[in-house]
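Thanks for sharing this one. Below are some notes to read alongside the coordinates, arranged as numbered points.

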Amino acid sequence: MILRKRLNSLLLSWKTAGGVRQTIVEIISRGSRNAMVVIGATIIVTMVALAILAPVLPMADPTPAELKVADRLLPPSSDHWFGTDNIGQDVFSRVIWGTRVSLMVASLAIFFSLLLGVVLGLTAGYFGGAVDYIIAGTIDLFWTFPAFLLALAFAAALGPSLANVILAISISYWAGFGRLMRGQALSIRERQFVEASRALGARNGRIMFTHILPNCTAPLIVWASIGVADAITIESSLSFLGAGTPPSTPSWGNMLNLGMPFIGEAWWIAIFPGIVLLITVLGFNLLGDGLRDVLDPRMKGMRR
Amino acid sequence: MILLATFIVYLMLYLTPGDPALALVPPRATVEDIQDVREKYGFDEPFIVQYGLFLWRLLHGDLGTSVTTATLNTDVGTIILQRLPRTLELMAIGLTISYSIGIPLGVISALRQNSVTDRGVMVFTLVAYAMPSFWLGIMLMLLFAVKLDWLPLGGTVGGFASIILPTITLGLGNAALTTRMMRSSMLEVQRMDYITQLRSRGLPEREVIFKHGLKNAILPVITVIGLDIGWFVGGAVVVETVFSWPGIGKLVIDSITKHDFPVVQGCILVLAIFVILGNLIADILYAVADPRVRLG
């Protein structure tokens, strides 16, 4: 009985030290003092707000049913801030609506790859042995290939649609999360509080998800932030190549694809979607890099 | 590794919705043609037998034949070999550019850590890394080809002038990564005891940095050259499309739009082999640079 009490208190102290809530509080309090994190977060919040508010913002219809020849390729003016494209659609409103598509695709893709990577990596690292051998081999295989190339191959095979782009990016990107999670699980499972929990009779699933996973919150958040930036780049590159978001949906990549033949006469079609894309990617990268510096100074400067 | 790559490539064709035989025949094929293809490729056999047949043909150097009208029945291997040198030259020059920008910038910013120069370089790397290569390509094209009219818009007709913009586009993103790595590696080396010792012995600063510091700091940067090749393979696909550069990357995108699956399959296999070779080079260089790592 006394032993059980001591084990419980040991467990409790570890849980409060590394719990998810604690980590998030720490991220906010330390992050708010880092310029990179603040700038990144401001950009992201602005973009997310624009994406959510797109339907209620007072601007032109991004895909008007009726197109006028007179509206084609108009330069930026007070009516059309970013000008109009080759079929007379307002570039500004298409850029804002494109934010919605890009952010949705990127965050869903990263959510799914996070899920896949965490479950597989955790299983491999925690159980070890033959399970680890198979999963770690798969992770390494996917890790070897550049995510963009894999996503291109999958997207080409599946055909252009929003769901397929999300699927293609998820399958191509999960290995990073898997590697991270496996490494963490391998080291954390040897720690005393895991042993304590096991002595109390906790099952594998409980140890994996309530003890090991919360201890990995910080690196996972860092990776996910950089992951969203990568996913936005991949999505727009795929759409630019015509293998991603179908042309009927406005996305930054396919706006540039459709605008390519006209850049000689209408520079605004190409410049504005790209600038917004660049700022958004920069925002997520800044947040990720900044958080990494704040949370783990040892990882400073590392990338890839 | 290569075997697994072929498996994935084959799996992709298998996963493609619709009848694969239909994807492999020219648009106006008769029912008999389709049946012929089905039998030749064994599409009525179970998956594993199909894959075996695919591997068997591959071992004999048979990647199949193109099914689009322009290049009907041409051997996929021949088409790819025609395009390969173009991609190789793009990647080689792109790599050279990225290292000749990245290494000096990284060293300069490490030597003047936290100075205005250093900050400027760091901002440059952040922006250059975040910039998608297709957009950078379009912007360079807009500035140098459309507005200033100094360089050709795309293609290869301009000779040497046509390769400038594509290679800069390809090299710049990786230059940012190289700069960051070079900077952190140089900073780390500068903190080492042997550097302090050399300084205290009164060696000229230039000799300390270039003869002793750089030599050690550059190793980790050079060893990732193999991984950079993988990065460049992805970049080449995008850049070739932007500048209509007739390499493998443009070929794969064109073939995707034309539903020329044998060519897509062949190209992706070649690109995958590039990546695998890149990783192999990285492993070898790593062992050469650091004798503690043993091959095998």
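1. Chain A first. Its secondary structure consists of 12 helices and zero strands, so to speak an unbroken α-α-α-α-α-α-α-α-α-α-α-α when read along the sequence. Please keep in mind throughout that this is a predicted model.

2. On packing within chain A, 46% of its 304 residues count as buried. Taking the contacts in chain A with a separation of 6 or more, 72% are between residues 24 or more positions apart.

3. Chain B can be described in the matching terms. It has 13 helices and zero strands, and from the N terminus on its elements run α-α-α-α-α-α-α-α-α-α-α-α-α. Of the 296 residues in chain B, 39% count as buried. For contacts in chain B with a separation of 6 or more, the share from residues 24 or more positions apart is 68%.

4. Next, the place where the chains meet. Chain A brings 33 residues to the contact and chain B brings 35 residues. On the side of chain A that touches chain B, at least two residues each come from helix H5 (129–144), helix H6 (147–158), helix H10 (217–241) and helix H12 (267–295) of chain A. H12(A) gives the largest share of that side, with eight residues. Sorted by class, the side of chain A that touches chain B holds 22 nonpolar, 10 polar and one charged residues.

5. A residue you may like to click on is A:Val281, which is found in helix H12 of chain A. Is A:Val281 buried or exposed? A:Val281 is buried, because 26 other C-beta atoms lie within 10 Å, and the cut-off for buried is 20 or more. Leaving out residues up to four places away in sequence, A:Val281 touches A:Ala229, A:Ile232 and A:Thr233, as well as B:Ala130 from the other chain. There is also a long-range pairing to look at: A:Val281 and A:Ile44 are 237 residues apart along the chain, yet their C-alpha atoms are separated by 9.1 Å.

6. Now the nonpolar core. The largest one has 146 residues, and the members that touch the most others are A:Ala151, A:Leu152 and B:Leu271. Helix H4 (residues 91–127) of chain A provides the largest share of this core, 17 residues. What does A:Ala151 contact, once its neighbours within four places in sequence are left aside? The partners of A:Ala151 are A:Ala168, A:Ile169, A:Ser172, A:Ile234 and A:Leu238.

7. Last, a helix pair in chain B. The axes of helix H9 (residues 193–200) and helix H10 (residues 205–223) of chain B come within 11 Å and cross at roughly 150°. That angle is why H9(B) is described as roughly antiparallel to H10(B), given that the label applies over 145 degrees. The crossing in which H9(B) passes H10(B) is right-handed. From H9(B), the contact is made by B:Ile195, B:Leu198 and B:Arg199, while H10(B) contributes B:Val208, B:His212 and B:Gly213. By class, the residues of this contact between H9(B) and H10(B) divide into three nonpolar, two polar and one charged.

Definitions and conventions: Residues numbered from 1 in each chain as written. Chains lettered and ligands numbered in written order. Predicted model: local features only at pLDDT ≥ 70, side-chain atom pairs only at ≥ 80, totals over all residues. Contact = placed C-beta atoms within 7 Å. Helix = DSSP H or I, 4+ residues; strand = E, 2+ residues; numbered from the N terminus. Nonpolar A, V, L, I, M, F, W, Y, C, P; charged D, E, K, R; others polar. Axes fitted to C-alpha atoms, helices over the stretch in contact; angles between N-to-C directions. Parallel < 35°, antiparallel > 145°, perpendicular 65-115°, else oblique. Left-handed = near helix turned anticlockwise from the far one by under 90°. Core = buried A, V, L, I, M, F, W, Y, C linked by C-beta atoms within 7 Å. Buried ≥ 20, exposed ≤ 12 C-beta atoms within 10 Å, placed from the backbone.
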